[in-house]
Amino acid sequence: MSYTGIAEFTFGGKVYQTWYKVFGDLKESGKRPLVALHGGPGMSHHYMLRHKILYEKARIPVVVYDEIGNGKSSHALDEPKEFWNLEVFMVQLESLLRHLEISSDFDLLGHSWGGIVSASYAALRAPAGLKHLIVANSPADMVKFAEGTNALFEKHFPKELVTRVRELQESGQGESEEYQQGVGQFYKKFICSLDPWPEDVVESMKAIQTNGNVHNSLLGTSMLQPNGNLKNWSIVADLHKIRVPLLLISSPVDVVQEAAIIPYFLHTPKVKWVELPNTTHSPMSEDPERYFAAILAFLESVA
């Protein structure tokens, strides 16, 4: 079974709406629900629908939703750059948990940017009802993230392309067609290696084009040069506050390189790290069998 709904939340004195979809019965299943947060910033829920397999295989209820600024949730088009920060996304998540009446017992999974939101929520809010946290393909530090993406770019692409992209960055032409075509080659190799990209990935990426304000305000025009509100973000100093078991999922050829991931392993009290070698940044699409097997094993075996 599945159903959709709308949950309202208030932030800064205004009311916004969250669109969500639930697979399974949150009250009668007998299993703890998993809330899955999509990446971006500024993408939509579509590629995260694959997580419904956790309900189909193990009867674990799964909740996916569109974060504020995209998809079927409020787009908040008139909000200024400073509006787009972690606080609004954590308030949205917390409000959704209350609306669904699962805030006393739930698990969280965050992919990419969704991992930043979910890990921040776990560390800074310390929700009593959170029992497990899964962070997939997500950095603990944005400076280390940028260093890793640039090293990956330089290693795998011609020097001429790298030099030209750098020139365009430094001259403030990050939104130009030439620049986007250049970094697009990088994305096709390290965001999702499937050719063509699955329809659900394409659909999720379209959300950034629909409302680029979210992505540009938080990240910037390119992950090779983060210059948005997240450019100096780091959760490293707060990782010790995550007291629930953490599953860390990564890939050696992901845009999120090891240096940006390893703080989770070093500083979180209860952590298991699974690396999926045949994937890039989209393991749920590239190697779903191993990806979902790792998640199921973690949820079912870790108290």
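**Exercise 1. A proline and its peptide bond**

Pro41 sits in the loop that runs between β3 (34-37) and α1 (53-58); work out what form the peptide bond from Gly40 to Pro41 takes in this predicted model.

*Solution.* Begin with the general expectation, which is that most peptide bonds are trans. Next, read the omega angle of the bond from Gly40 to Pro41, which is near -5°, and the bond is cis. The peptide bond from Asp195 to Pro196 can be treated in turn, and with omega near 0° it is cis. Pro196, for its part, is placed in the loop between α6 and α7.

**Exercise 2. The sign of phi**

Find what phi value Ala76 has, and say whether Ala76 is buried or exposed.

*Solution.* As a starting point, most residues other than glycine have a negative phi. Ala76, which is found in the loop between β4 (62-65) and α2 (86-99), has a phi near 50°, a positive value in a residue other than glycine. For the second part, the relative accessible area of Ala76 is 15%, and since buried means under 20%, Ala76 counts as buried. Ala126 also has a positive phi, near 45°, and its place is in the loop between α3 and β6 (130-136).

**Exercise 3. Pairs of aromatic rings**

Decide which kind of pair the rings of Phe153 and Phe157 form.

*Solution.* A pair of aromatic rings is described by the distance of the centres and the angle of the planes. A search of the whole structure finds 14 aromatic pairs. For Phe153 and Phe157 the ring centres are 5.3 Å apart and the planes stand at 50°; planes under 30 degrees apart would count as stacked and over 60 as edge-to-face, so this pair is tilted. Both residues are buried, because the relative accessible area is 0% for Phe153 and 13% for Phe157.

The same steps serve for Phe186 and Phe190, whose ring centres lie 5.3 Å apart with planes at 55°, so that the pair is again tilted. These two residues belong to helix α6 and are four residues apart, about one turn of the helix. Phe186, at 0%, and Phe190, at 2%, are both buried.

**Exercise 4. The largest pocket**

Describe the largest pocket by its volume and by the residues that line it.

*Solution.* Rolling a probe the size of a water molecule over the atoms shows where empty space is left. The largest pocket has a volume of about 950 Å³ and a lining of 43 residues, with Tyr187, Met205, Ile208, His215 and Met223 nearest its centre. Two or more lining residues come from each of α3 (113-125), α4 (142-156), α6 (177-190), α7 (199-210) and α8 (212-218), and α7 gives the most, with six residues. Sorted by character, the lining consists of 23 nonpolar, 16 polar and four charged residues.

**Exercise 5. Two residues and their contacts**

Determine which residues Ile295 and Ser217 touch, once neighbours within four places in sequence are left aside.

*Solution.* Ile295 is placed in helix α11 (residues 288-301) and is buried, with a relative accessible area of 0%. With those neighbours left aside, Ile295 is in contact with Leu54, Leu109, Ile134, Leu247 and Ile249. Ser217, in helix α8, is likewise buried, at 2% relative accessible area. Under the condition of leaving out neighbours within four places, Ser217 contacts Lys81, Trp84, Gly228 and Asn229. Trp84 appears once more in an aromatic cluster, together with Phe9, Phe11, Tyr16, Phe83, Phe89 and Trp113.

Technical notes:
Residues are numbered from 1 along each chain as its sequence is written. This is a predicted model: local features need pLDDT of at least 70, side-chain atom pairs count only at pLDDT 80 or more; totals for chains, interfaces and linings use all residues. Side-chain values use heavy atoms; hydrogens and water are left out. On a 1 Å grid over the protein atoms alone, a cavity is a set of points where a 1.4 Å probe fits but cannot get out, and a pocket is an open set with protein on both sides within 12 Å along at least five of seven lines; lining residues have an atom within 4 Å of a point. Grid points are joined across faces, edges and corners, and a volume is the space filled by probe spheres set on the points. Ala, Val, Leu, Ile, Met, Phe, Trp, Tyr, Cys and Pro count as nonpolar, Asp, Glu, Lys and Arg as charged, and the others, Gly among them, as polar. Rings of Phe, Tyr and Trp (its six-membered ring) pair if their centres lie within 6.5 Å; planes under 30 degrees apart count as stacked, over 60 as edge-to-face and the rest as tilted. Buried means under 20% relative accessible area, exposed over 50%, partly exposed in between (1.4 Å probe, protein chains only). Contact means heavy atoms within 4.5 Å.
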